[in-house]
Every structure is written in structure tokens, then in C-alpha cells.
Amino acid sequence: MTAGTARPDASPNPAVPVQGGRPAADPAGLEGFRVELTGYAYRMLGSVFDAEDAVQETMLRAWRGLDRFDGRSSLRTWLYRIATNVCLDLLRGQGRRALPMDLGVPSAPVAASLGAPGSGREWLEPAPDAGVLPEDPAELAVTRESVRLAFVAALQHLPPRQRAVLILRDVLRWRAGEVAELLDTTVAAVTSAVQRARATMADRAATAPAPALDREHRELLDRYVQVFERYDIDALVALLREDAVQAMPPYPLWLRGAADIGRWLTGPGAGCRGSRLLPVAANGGPALAQFRPDPAGGHRAFSIQLVESCGGRITRLTHFLEPRLFPLFGLPDRLP
């Protein structure tokens, strides 16, 4: 479990002006915290859209309440208190977000297995690195693992308050007393909650290795792009580990095994022939934006692909068939 370097008692954000020992009522100053708060909310909620909404609500509440901020805690701590309350409110009565492979048995590689798309509220979503991770290379190196897909999926198995405790303690490195103050509870309760959360995370996440960012993984990703764009499925299957899996949220279908993935791509998935793939950065690593051929001409936004590998072979392909994600990555909805 990777820990970040940020602390609630760290130096004030330089973007935040101060007047008389208190932050000035400057919305630009609050904006300096947007990315880190979005990363926190994304880990809590599993949805980048919900995270953005939560941070917008946090900023609105903070702006309205700045005249009541007494400076007894840092502005950052105060904002995290607001953001935590917003996230807990959003999670109340809401089921956990998941990936298709977390909810059932593998599907047969036939069109009938695709099923109806879900509402989107039940599925985990990818997040663009620029929206949830710090720009500083030193901070990025120690926080990227905490937004990888397997880690965020495992977080969703925790009760909401346990989730907040674990993120604040083990990702953001807050002290137990600081977390207890933020959540209006005791240090003993925080210690107990984080121990239970760590046990759950160990069961859920320990077997899911972080995606490599070394030369081998990048070269493998380059080969994948080449064979996918050529639609050479035999060559693509050769890049997969024998037990590789593929999922396509918001559809419940998921496939296990290189052979079944190949059958899908040459059968019901053959509409992807002729696609173009553009590199993006998502969930702490390289990812791909797929533009699928449009019968009307050109290519249209189709999916964000997260490609995970281990031992020189691709182990998981997660195609998020959600075109509304593309603007978050700075991408158009069509290519000429």
C-alpha cells in the first residue's frame, strides 16, 4: 500500500493568500487544492464524475463558509473535513462500484452474453492522471499506485468511514489524532478502523500487482497498439497471458482466457477493426483512447482502455465504453 507525502500540517498552499493569519476570501486560493481533493474523492467514490461533483460542492461550501473559518486548523484540513462529509453523504445508501469480473462468472464470447448496459452507477470508472495526481514528480512517484484500478476497486469493499480512515492514514499520511479530529471520533476508533481496513485491503489487493511502468511494459503497449490497429488478432492473442481477462463496462460481460478474447474480437467485437488508439495517462499509468470507425466517416470516441501486464504478457484489458470520459482526457469526440 503506497503512502503519499502530503500532511494536513504541511506548509500552506502558496496559492492561498493570507490576511491576518487567516486565508483571504479568494476562490483562486481554494482552487489550488482542487486536484488533490479530486484524487481523494475519486478514491472514496470510485467515479471521476462523482469526484468532480463532490469537489465542486466542497468548494461551494468552503466559499460560503470562509468568513466562519477561524484558523484553528489549516485551510487544507478544513477543506478535507468538508470533502469527507460530502463524500460520506454521497455514499449513504449507495452500493459499491465494481468491475464486471468482481460480480459473476466469465461469459461466453458470443453476442448474447453482452447483456444490457448498466446505469453506470454500479461500475468503477477510470480517472485521468492530470485530474487526480500531483504534478510534482516526487509526490507522483509515491501516490500513483493509490489510484491504480485494482486499489480503487479494493477500496470500494470498505465501509465509507473505514475507507476515509484508510486513505487519510495510509495514502495521505495523516496522524491518527488528526484523522480522529476530522471525523469527530477517538484515536482508538481510528486505530481500530484502519486495522480492519488494512486486513480487507490485503485480502483484496495483494494479489493484484501494480502495472509496470518500465521499458518492457511500454514496449508491450506499443506492440499492442500496432497489432490492434492492424486488427491482427492472432498477433494480439500472442501478447496475452493464457489466463488474461477482458471487461467492457458498462456491460456486465467479461471474458477469461486469451482464446476467448480472440474469439470475441473476431466475432461480436469485430466492429473495432480499423480503430485508432491514442496514448493517455489514467490511474497512475499509460492507457489508450480508442476511436472506432464511424459509418458516417472518420472515427468516433469509443473507449478508454487500461492495459495491465505482468511478466511480459498482458493480463487484463479493461475497455470503458464511455465516450463522455474523453473530454476529461482533453480529447475530441471525433477524429477526421
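**View 1. Helices H4 and H9 are oblique to each other.** We're looking at a predicted model, and this close-up shows two of its helices meeting. H4 and H9 pack at an angle of about 55°. Angles under 35 degrees would count as roughly parallel and 65 to 115 as roughly perpendicular, so this pair lands in the oblique group. Their axes are 10 Å apart, and H4 passes H9 in a right-handed crossing.

**View 2. Here's who does the touching between H4 and H9.** From H4, look for Thr-77, Tyr-80, Arg-81 and Thr-84. Across from them, H9 brings Glu-181, Leu-182 and Leu-183. It's a mixed group: three of the contact residues are nonpolar, two are polar and two are charged.

**View 3. Tyr-40 and Met-44 touch the most other members of the largest nonpolar core.** This core has 76 residues. Which helix gives the most to this core? That would be H4, residues 75–91, with 10 residues. As a bit of background, nonpolar side chains tend to be buried together in soluble globular proteins.

**View 4. Now zoom in on Tyr-40 and its contacts.** Skip the neighbours within four places in sequence, and Tyr-40 is still in contact with Tyr-80, Ala-83 and Thr-84, as well as Ala-164, Ile-167, Leu-168 and Leu-172. You've met Tyr-80 and Thr-84 already: they also take part in the contact of H4 with H9. Elsewhere there's a second, separate core, made of 27 residues, and Val-225, Ile-233, Leu-253 and Leu-265 are among them.

**View 5. Thr-58 sits in helix H3.** The helix itself covers residues 48–65. Is Thr-58 buried or exposed? Its relative accessibility is just 1%, so Thr-58 counts as buried; the cut-off for that label is under 20%. Leaving out residues up to four places away in sequence, Thr-58 touches Leu-37, Leu-79, Ile-82, Ala-83 and Val-86. Ala-83 may ring a bell, since Tyr-40 is in contact with Ala-83 too.

**View 6. Arg-263 belongs to helix H13.** H13 runs over residues 258–266. With a relative accessibility of 48%, Arg-263 counts as partly exposed, because that label covers values between the 20% and 50% cut-offs. What does Arg-263 touch, not counting residues up to four places away in sequence? Pro-109 and Pro-268. Ala-108 is worth finding as well: Arg-263 and Ala-108 are 155 residues apart in sequence, and their C-alpha atoms are 9.5 Å apart in space.

How values were computed. Residues are numbered from 1 along each chain as its sequence is written. This is a predicted model: local features need pLDDT of at least 70, side-chain atom pairs count only at pLDDT 80 or more; totals for chains, interfaces and linings use all residues. Side-chain values use heavy atoms; hydrogens and water are left out. A nonpolar core is a set of buried Ala, Val, Leu, Ile, Met, Phe, Trp, Tyr and Cys residues joined through side-chain atoms within 4.5 Å. Buried means under 20% relative accessible area, exposed over 50%, partly exposed in between (1.4 Å probe, protein chains only). Helices (H or I, at least four residues) and strands (E, at least two) are DSSP runs, numbered from the N terminus. Contact means heavy atoms within 4.5 Å. Axes are lines fitted to C-alpha atoms, for helices over the stretch in contact, and angles run from 0 to 180 degrees between N-to-C directions. Angles under 35 degrees count as roughly parallel, over 145 as roughly antiparallel, 65 to 115 as roughly perpendicular and the rest as oblique. A crossing is left-handed if the near helix is turned anticlockwise from the far one by less than a right angle, and right-handed if clockwise. Ala, Val, Leu, Ile, Met, Phe, Trp, Tyr, Cys and Pro count as nonpolar, Asp, Glu, Lys and Arg as charged, and the others, Gly among them, as polar.
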